[in-house]
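This document guides a reader through a single protein structure. Please keep the sequence and the three-dimensional view at hand while reading.

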Amino acid sequence: YYGISKAGIKSRMTKLKFNKFVKKHINMTVPCYTKEDVEKELNDREFSILICGSDQIWNPAAFDPVYYLNIGKKDIKRIAYAPSIAEDELNSFNRHIFDKMIPLIEKIDYVSVREKAGENIIRQLTGKEVTTVLDPTLLINTKGWDRIASPSKSKERYIFCYVLGDIRQHRKMLQKLKEKYNTSKIIYLRTNNDMGNAIEEFCDNIGPEDFVSLIKYAQAIYTDSFHGVAFAINYNREFYTCKRFNVSAYNKNSRIHNILGLLHIEERYIENDEQIMIDDHIPYNEVNILLHKERAKSFQFLNQAFR
């Protein structure tokens with residue numbers, strides 16, 4: 001719990017919930033903090049496949065050769081599943097990092113990424129065959145996520161707000177959502193200390209089970225997070241995604257725009273409160289057909305890679 005103790009009791013309780021979830025659902029080795037730790041673990045066990053992914057492990061802002069499977073014996077099969085580069089295109093600012101990434105990616109046997117922009121960048125850099133696949137959270141349908149979702153945390157109708165950026169920029173949007181869906185409250189998952197004045201109820205001490213539940217039972221979701229969007233789609237919830245304020249230059253929207261474009265629901269990205277009041281609904285009958293096709297494509301990649 002190094003570093004967590006300084007964050008207060010609520011953060012420690014959240015960490016305990018995550019640890020409990022991992023212990024119950026995920027089979028893990030001992031923690032590895034250095035490349036040497038990873039190499040030792042590989043030498044102590046028999047591994048035939050190494051796989052890296054997903055999320056932003058290939059973000060140039062966090063370059064680490066281990067994230068490109070620069071570990072283990074040369075004859076071990078290497079697979080990259082859905083890592084995100086979090087960049088829309090090559091530019092002079094990050095080119096020196098991409099130059100380091102090229103020889104590492106070239107050694108990976110099967111390469112997939114999470115966004116079309118990342119696929120284009122890797123093809124341009126390496127000439128390798130690259131597949132765009134779904135984020136792992138979208139490979140599991142609602143029946144799978146229901147196995148871990150906790151009971152509803154509210155007896156009243158609510159809007160779930162999951163915003164990682166500055167919440168103050170979204171006050172008008174949230175008020176419009178409350179009016180549109182005739183909800184008694186907005187539940188905000190605290191991600192920073194500034195809650196603003198528009199939020200009536202906030203949640204601390206939230207573990208994975210609670211997060212899934214908050215999405216599942218919401219009337220609508222308002223988020224600037226890719227995974228907020230992913231879980232809303234999985235549960236066929238009405239959602240609105242927006243710009244993230246006060247973030248680093250590396251935190252691009254390509255991940256969100258990619259999944260919206262893939263499922264033909266680009267209009268769910270909104271930039272003003274007037275867009276919220278338009279009387280429209282997500283055509284989930286059509287969305288689910290497209291999502292099923294993308295799941296099949298993603299599993300096809302994995303089946304081929306694991307042969």
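The paragraphs below pass from the overall fold to the cores, then to individual residues, a pocket and some features of the backbone.

The structure is a predicted model. Its secondary structure comprises eleven helices and nine strands. With a radius of gyration of 20 Å, close to the 19 Å that the globule rule gives for 307 residues, the protein is as compact as a globular protein of that length. Taken along the principal axes, the box filled by the C-alpha atoms is roughly 60 × 40 × 40 Å. Of the 307 residues, 46% count as buried. Among contacts with a separation of 6 or more, 71% are between residues 24 or more positions apart.

The interior may be considered next. The largest nonpolar core has 45 residues, and those with the most contacts inside it are Phe160, Ile233, Phe239 and Ile259. Several elements contribute to this core: β5, β6 (residues 185-189), α7 (208-216), α8, α9 and α11 (284-305) each supply at least two of its residues. A second core, separate from this one, has 26 residues, including Val38, Trp58, Ile97 and Leu104.

Two of the helices that supply the largest core can be examined individually. Helix α7 is mostly covered, with seven of its nine residues buried. These buried residues are Pro208, Asp210, Phe211, Val212, Ser213, Leu214 and Ile215. In helix α9, which spans residues 254-262, the buried residues are Ser254, Arg255, Ile256, Asn258, Ile259 and Leu260. They pack against α4 (116-126), α8 (226-234) and β9 (238-241).

Which residues does Ile259 touch, not counting residues up to four places away in sequence? This residue of helix α9 touches Leu134, Leu138, Phe226, Val229 and Ile233. Its relative accessible area is 3%, and because buried means under 20%, Ile259 counts as buried.

Is His170 buried or exposed? His170 is placed in the loop between β5 (158-162) and α6 (171-180). Its relative accessible area is 1%, so His170 is buried. When neighbours within four places in sequence are left aside, the contacts of His170 are with Val163, Tyr222, Cys242, Lys243 and Phe245. From C-alpha to C-alpha, His170 and Ile259 are 22 Å apart in space, and their positions lie 89 residues apart in sequence numbering.

Another loop residue invites attention. Ile85 lies between β2 (77-80) and α3 (95-106). With a relative accessible area of 1%, Ile85 is buried. Leaving aside neighbours within four places in sequence, Ile85 is in contact with Trp58, Asn59, Pro60, Phe98, Glu115, Gly118, Ile121 and Ile122. One of these partners, Pro60, is 25 residues away along the chain, and the C-alpha atoms of Ile85 and Pro60 are separated by 7.0 Å.

The next topic is the empty space in the model. Rolling a probe the size of a water molecule over the atoms shows where such space is left. The second largest pocket holds about 220 Å³ of space. Its lining consists of Lys35, Tyr68, Leu69, Asn70, Ile71, Gly72, Lys74, Ile76, Arg78, Leu104, Lys107 and Asp109. By class, the lining residues divide into five nonpolar, two polar and five charged. Leu104, which belongs to this lining, is also included in the second core.

Finally, several features of the backbone deserve notice. A cis peptide bond, with omega about -5°, joins Gly53 and Ser54. Ser54 is found in the loop between β1 (49-52) and β2.

Where do positive phi values occur? Asn182, a residue other than glycine, has a positive phi near 50°. Asn182 is placed in the loop between α6 and β6, and with a relative accessible area of 63% this residue is exposed. Asn236 is not a glycine either, yet has a positive phi of about 55°. Asn236 lies in the loop between α8 and β9 and, at 28% relative accessibility, counts as partly exposed. Just after α9, His264 likewise takes a positive phi, of about 60°.

Notes: Residues numbered from 1 in each chain as written. Predicted model: local features only at pLDDT ≥ 70, side-chain atom pairs only at ≥ 80, totals over all residues. Heavy atoms only, no water. Buried < 20%, exposed > 50% of the residue type's maximum accessible area, 1.4 Å probe, protein only. Helix = DSSP H or I, 4+ residues; strand = E, 2+ residues; numbered from the N terminus. Contact = heavy atoms within 4.5 Å. Core = buried A, V, L, I, M, F, W, Y, C linked by side-chain atoms within 4.5 Å. 1 Å grid on protein atoms, 1.4 Å probe; cavity = no way out; pocket = protein on both sides within 12 Å on 5 of 7 lines; lining within 4 Å. Points joined across faces, edges and corners; volume = space filled by probe spheres on them. Nonpolar A, V, L, I, M, F, W, Y, C, P; charged D, E, K, R; others polar. Rg over C-alpha atoms; globule rule 2.2 N^0.38 Å.
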